[in-house]
Structures are given as C-alpha cells and as structure tokens.
Amino acid sequence: MKVYWWSLLWLLTGSLVFAQNHTGNLRTLAAIKEAEKQLVLLNNQSGLVPLSDLREVRIASVHCGYGFPAVFDSIASNYAPVTGFSPGPAPGDSAFFALHDRLKLYNLILITLSDSSPFSPGLLNFIKEQQATNRVLVVLTGSGKNLAFLDPLTVPVIWSPVNTAEGASAAAQVIFGGIGCSSRLPATYSKQFKQGSGFTTQKTRLGYSVPEAVAVNSHRLAAIDSLVKVSIARHVTPGAVILLAKDGQVIFHKAYGHHTYSKEEVTKLDDIFDLASVTKVSATTPAIMRLVDQKRVDLNAPISRYVAQTRLIPDKATLTVREALLHEAGFTPYIKFYEQLKPLDLSADSSADFPTKVADRYFLRKNYFEEVMWPVTLKSKVETRGRFVYSDVSMYMMKEVIETASHQKLDDFVLNELYRPLGLQATGFMPRHRFPRSRIVPTTENDNWFRNMRVQGYVNDPGAAMAGGVEGHAGLFGNANDLAILYQMYLNKGTYGGVRYIDPATVTLFTSEQSAASGRGYGFARATKPFTKPYPSAQAYGHSGYTGTYVWVDPQYNMVYICLTNRVYPDDGKTYGKPAMNLRSLALDKFYEAVLAGN
C-alpha cells in the first residue's frame with residue numbers, strides 16, 4: 001500500500017499540518033480505514049487491550065526492526081508518556097541483556113516487530129523475561145507466518161499484514177482504545193493462531209484522524225490558519241494552539257506562532273498554557289461534581305456547613321453551594337489583594353519566612369493567605385444575592401468546600417481523582433515544579449500589578465499567585481490534548497477509557513441551564529440566547545479564561561473545541577491596546593461552519 005509523504009509527516013508530528021488538502025486527506029482516510037480493517041487483536045484473554053486505568057502506567061516502547069517507530073510512539077504519546085528503545089541492528093544476547101536492564105523502571109512494555117526483525121532465540125527469551133515480570137504487548141506487521149514465532153507467548157498480539165504509517169497509528173490507537181478492533185485471522189498460521197482467531201474491542205478514548213473521517217472538508221478549515229495569522233500580525237496573541245475533536249476523533253490540532261513577539265520559542269502542540277478561569281470548569285467544578293456523586297457535598301447546603309467561619313458572618317451564613325456555582329451568591333466579583341502588599345511582605349530570596357514563590361526570584365512571606373487574604377475575603381460584602389454577578393470570590397469559597405469535604409488539597413484531589421487516571425500528562429497546578437520553563441508559555445513580561453517581570457509558569461492571576469498558585473478560580477495550567485480528553489469525558493457523560501468518573505445525571509445537571517437569570521449551568525457558561533446563527537446548539541457549554549483560553553463542548557454536534565493563547569502578553573494590553581479581534585470565538589465559528597457544511 002502506498003504511503004503518501006504528507007500523510008507520513010502528519011503522523012510523525014501528530015499535527016494536522018496538511019489538514020486543508022481535501023483530496024490528499026481522502027486518500028489518507030482510505031489508507032487509514034484499510035489499515036484499521038486489517039488489524040487483528042490476538043491473545044487478549046486478559047482484557048489488557050484496550051488499556052483502562054493509566055494512573056501508574058510507565059510505558060516503554062521497544063522497536064526491533066519495526067518500520068514506523070516514530071509514528072507509533074507519537075500517536076501512543078497522546079494517551080500516556082512513552083519512551084522509545086531499540087536493541088540495535090542485528091542484536092545479540094548482550095544487546096537484549098542491556099535492554100532488559102534499561103527497562104527496569106517501566107511496567108508496561110510495548111514491543112513492535114516486522115518482517116525485518118531478528119526472530120531469534122535471544123529475542124524470544126527477551127520477550128518471555130518481560131512477560132514474567134511486566135505487562136507486555138506485541139505489535140507484529142508483515143507475514144502471518146511470523147506469528148508462529150510468538151506461539152510460546154501469552155501476551156496480547158496486534159497483527160497486521162502490512163507495515164505502513166497508517167497501520168502504526170492504528171495499532172497504537174487500538175492499544176489505548178482510540179479505535180475498536182474486530183477483524184479475525186484470514187488463515188491458520190500456527191497451533192495457537194488459527195483462522196478466525198481474534199478479539200473484539202470497543203472505542204473508549206479519543207482517536208486521531210483527518211477531518212474527512214467525520215465528514216468535514218479540510219479545505220474549509222484553511223480559514224483557521226488565516227485567522228490566526230491575522231491575529232498574530234495584529235498583536236492579539238504571539239501564538240496559539242487550537243484543537244477540534246468531533247465524533248470522538250481529534251481532526252484538527254495545530255500550533256501557531258511563538259511564545260513571544262520576539263520569536264524566541266516556537267509554539268508546539270504540547271506547550272503548557274496558563275488556563276486562568278478555565279480552572280473553574282477544569283478543576284473546581286469537576287471536583288464538586290465528584291464530591292456530589294460521593295455524597296460528600298450537597299449543592300443545596302449552605303457553604304457554612306463546610307466553611308465554619310462563615311456561620312458567624314450574617315451575609316454569608318446561609319449562602320449555598322448552588323448559588324456560588326451559579327455566581328448568584330452575591331460575592332464581591334474580585335478583590336485586589338495585591339493592593340494590600342507592603343514592601344516587607346516580599347523578598348527576592350527564598351527562606352523559611354518567605355516560602356511562597358510568585359515569580360522567578362520573587363517570594364511572598366509565609367502565612368500571607370491565612371493572615372491577610374482570607375480575612376479580607378471573609379469581610380468582603382455580599383450585595384447582589386439572587387442576581388448573576390460573575391465572581392472569583394465564589395470559587396475561593398468552593399476551594400475551601402472541596403478541601404473540607406475531601407480532606408485533600410484541591411490540586412491533589414483533581415490530580416488523583418481525575419487527571420492521572422484519565423491520562424492527562426501536563427495539566428495541573430504549579431507546572432514549574434514538574435516541567436522545564438521552555439515548555440510553558442509566558443503570560444506577561446510585566447503584569448502591571450505587583451510583578452514587574454516575566455511571569456512564566458506562575459499563575460498570572462495575582463490573587464491565585466499570592467495564595468500559593470492553587471485556587472478555585474485560577475492557577476491551573478494545561479495543554480490542548482489534555483483538555484480535549486477532559487472535555488470528551490464530559491461529552492461522554494462522565495465516562496472515558498472505559499472508566500466512569502462522574503455520574504451521567506450529574507454531568508447533565510451541571511452542564512444544562514440552571515438559572516433563568518444567566519442561562520448558566522453549575523460552574524459552566526452556556527451560549528447566550530437568543531441564538532443569531534444556526535449554531536451553537538442549546539446544549540452547548542464551556543468557559544473562557546482571561547489569559548486567552550477557551551473550551552467549548554457542543555453535544556448536538558458531538559464536538560470539543562480547545563483554543564489556547566497568551567493574549568495578555570506582553571503587558572495585558574498596555575503596549576498594543578485591546579485585542580483587535582476575538583480569535584477564540586471566530587475560530588469556533590469557522591469550525592461550526594465547516595461541520596455544518598460537511599464534505
């Protein structure tokens with residue numbers, strides 16, 4: 001089967017670089033379908049495939065004569081971190097022994113083979129040793145006669161008669177549930193692998209394909225490139241990452257521009273952005289949803305049940321969790337905590353007295369939140385109860401509710417309950433503790449509040465920064481692929497990867513209209529009525545973030561949209577003025593138009 005060079009480049013990069021080539025993508029789609037149809041899953045009695053809980057998985061991908069290792073690893077890495085290994089050409093026992101020792105920290109070994117592999121006793125013994133101590137899965141391409149070599153094994157085997165880039169992508173997706181598998185062996189190849197053998201699996205996670213796979217004409221998506229190019233030229237944002245998933249397939253995922261206007265760092269697909277208020281629906285709201293399911297939080301209960309100090313404050317004693325999530329509790333919209341700062345509250349050096357890092361070489365004194373910020377929050381006025389007034393303070397309160405009900409810090413709770421099991425690799429609070437600075441997109445060079453320096457990997461919102469980087473309204477960082485997984489879980493009514501995270505009724509409750517005053521759900525924003533276009537649907541929901549982020553789910557069109565920018569760079573509009581265009585909504589419009597127009 002012919003492999004088109006532009007198709008291979010897309011698969012290698014994981015980016016739909018040539019997504020506007022409709023004719024070419026139709027050929028790619030045909031090749032993808034053929035590759036998927038030819039895959040046969042064998043020896044899956046254990047049910048290892050598709051992988052379910054990714055919480056503690058550490059994956060090594062061992063390539064031994066395989067034709068498309070970079071394609072396989074690139075696609076697999078969308079689901080979980082994958083490290084590639086090779087025993088080298090014509091490996092002997094010493095090469096396999098050395099490889100064995102290098103794999104000691106991994107607990108899932110993916111081994112890829114082809115007609116070019118050395119089907120030797122050394123290779124078989126290596127696989128048997130791994131099988132004895134680890135979970136192992138073998139991908140084999142080429143002649144079915146080579147299946148006889150695998151007869152002594154009990155591990156799952158994914159076989160395809162052809163060795164192509166599309167086949168490598170499909171095999172990786174079958175392993176993680178990006179696509180299902182139902183084909184059977186066309187002939188008998190050994191005592192174990194007989195004609196008609198094979199296992200059926202279902203799709204459980206996002207897949208990765210071309211727009212034509214979901215009846216979208218790639219030519220119509222060229223407008224996205226133009227929009228981003230214009231927005232960068234007009235200094236709306238120096239860069240962006242945009243993703244669209246439809247019908248459970250990521251069909252558009254592109255990175256644009258640079259981290260800064262000086263073009264010092266090219267934007268990459270897996271770059272990590274400050275999500276700002278997208279934190280509210282990506283951390284705080286799902287945490288509340290989990291706790292509601294676990295009957296540890298009651299939406300109709302007063303916040304004072306969980307935050308005892310509010311019981312003695314007349315204007316806060318009876319405010320409910322439900323009202324806070326709807327922004328109808330009457331809390332002050334925003335408190336400028338940085339205006340309370342005094343010179344002695346900050347230091348250029350870290351110490352036991354100044355432990356809270358708010359930027360590079362900038363530290364806040366210990367207990368500042370407890371001694372200054374929280375008392376100010378408790379004293380803030382409640383004046384608009386019953387009316388929709390968007391308030392960050394409501395989410396400060398929700399963080400306290402979550403931590404009281406769960407007995408965990410907010411960042412730990414969402415990491416353990418959601419992000420790790422879902423397979424999110426970059427999303428979390430305080431990213432500088434886990435990632436190099438170069439992977440994190442800077443928000444400002446001067447925030448004009450209290451940090452007159454580059455803010456990169458520390459939350460842009462001053463209140464969240466002063467609170468230690470973790471708050472209910474801001475502080476979360478993430479990349480586009482991670483967010484697509486989280487929001488696909490919402491779209492799936494709480495299920496992803498074969499695991500239920502949130503009850504379907506709870507997802508429906510939180511994402512549907514719960515307020516006549518605002519039309520919002522619990523935590524989630526919804527489309528403003530009346531609709532002036534044939535889209536979005538009345539079921540759509542999402543949220544925006546001040547730094548230039550946006551997430552959107554539309555169940556009617558079965559789509560998830562992620563747009564990540566750093567529009568506040570370099571100084572929140574002081575240098576270039578207010579944004580000349582709303583890239584986030586304009587790009588979403590183009591996606592809707594392409595989906596509605598079809599092929």
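1. In this predicted model, H543 faces V551, a residue of strand 20. The pairing to which they belong is antiparallel: strand 19 (residues 541-545) and strand 20 (residues 549-554) are joined by five bridges. In general terms, strands of a sheet pair through backbone hydrogen bonds, and the pairing may be parallel or antiparallel.

2. Strands 19 and 20 belong to an open sheet of seven strands, whose order is 7-9-8-21-20-19-18 and whose pairing is mixed. Strand 7 (207-208) and strand 18 (525-526) have a single partner strand each and stand at the edges, so one side of each has no neighbour in the sheet.

3. Which strands does helix 16 lie across? The list comprises strand 8 (239-246), strand 9 (249-257), strand 19, strand 20 and strand 21 (559-565). Relative to strand 21, helix 16 runs at about 150 degrees.

4. Helix 16 (residues 583-597) also meets helix 7 (residues 222-233): their axes come within 9 Å and cross at roughly 170 degrees. Angles over 145 degrees count as roughly antiparallel, and helix 7 and helix 16 are therefore roughly antiparallel to each other. On the side of helix 7, the contact is made by A223, I224, L227, V228 and S231; helix 16 contributes L583, L586, A587, K590 and F591. By class, the residues of this contact of helix 7 with helix 16 are eight nonpolar, one polar and one charged.

5. The loop between strand 18 and strand 19 holds P536. The peptide bond leading from Y535 to P536 is cis, and its omega is near -5 degrees. A further cis peptide bond joins V49 and P50, with omega about 0 degrees. P50 is placed in the loop between strand 1 (40-42) and strand 2. As background for a reader checking these sites, most peptide bonds are trans.

6. A backbone feature of another kind is found at H327, where phi is near 60 degrees, a positive value in a residue other than glycine. H327 lies in the loop that runs between helix 9 (321-325) and strand 11 (346-347). For context, most residues other than glycine have a negative phi.

7. A second sheet deserves attention. Six strands make up this open sheet, in the order 1-6-5-4-2-3 and with mixed pairing. Its edges are strand 1 and strand 3, each of which pairs on one side only. From one strand to the next, the twist averages 20 degrees.

8. Within the six-strand sheet, how many bridges join strand 4 to strand 5? Strand 4 (residues 108-113) and strand 5 (residues 135-141) run parallel and are joined by six bridges. In this pair, T112 stands opposite V139 of strand 5. Strand 2 (residues 59-64) and strand 3 (residues 82-85) likewise run parallel, with four bridges between them. There S61 has G84 of strand 3 as its bridge partner.

9. What lies between strand 2 and strand 3 in the β-α-β unit? Helix 3 (residues 69-76) does, and together strand 2, helix 3 and strand 3 make a unit that is right-handed.

10. Helix 3 packs against helix 6 (residues 165-176) at an angle of about 35 degrees, the axes being 8 Å apart. The crossing of these two helices is right-handed. V71, F72, I75 and A76 of helix 3 meet residues of helix 6, namely A165, A168, S169, A171, A172, Q173, I175 and F176. The contact of helix 3 with helix 6 has ten nonpolar and two polar residues, and no charged ones.

11. A further helix pair is formed by helix 8 (residues 279-293) and helix 11 (residues 393-406), whose axes come within 10 Å and cross at roughly 40 degrees. This angle makes helix 8 oblique to helix 11. The crossing of helix 8 past helix 11 is left-handed. K280, T284, A287, I288 and L291 of helix 8 make the contact with M395, M398, V401, I402, A405 and S406 of helix 11. The residues of this contact of helix 8 with helix 11 divide into eight nonpolar, two polar and one charged.

Conventions
Residues are numbered from 1 along each chain as its sequence is written. This is a predicted model: local features need pLDDT of at least 70, side-chain atom pairs count only at pLDDT 80 or more; totals for chains, interfaces and linings use all residues. Side-chain values use heavy atoms; hydrogens and water are left out. Axes are lines fitted to C-alpha atoms, for helices over the stretch in contact, and angles run from 0 to 180 degrees between N-to-C directions. Angles under 35 degrees count as roughly parallel, over 145 as roughly antiparallel, 65 to 115 as roughly perpendicular and the rest as oblique. Contact means heavy atoms within 4.5 Å. Ala, Val, Leu, Ile, Met, Phe, Trp, Tyr, Cys and Pro count as nonpolar, Asp, Glu, Lys and Arg as charged, and the others, Gly among them, as polar. Two strands pair if DSSP finds at least two bridges between them. A crossover is right-handed if, with the strands pointing away from the viewer, the path from the first strand over the helix to the second runs clockwise. A crossing is left-handed if the near helix is turned anticlockwise from the far one by less than a right angle, and right-handed if clockwise.
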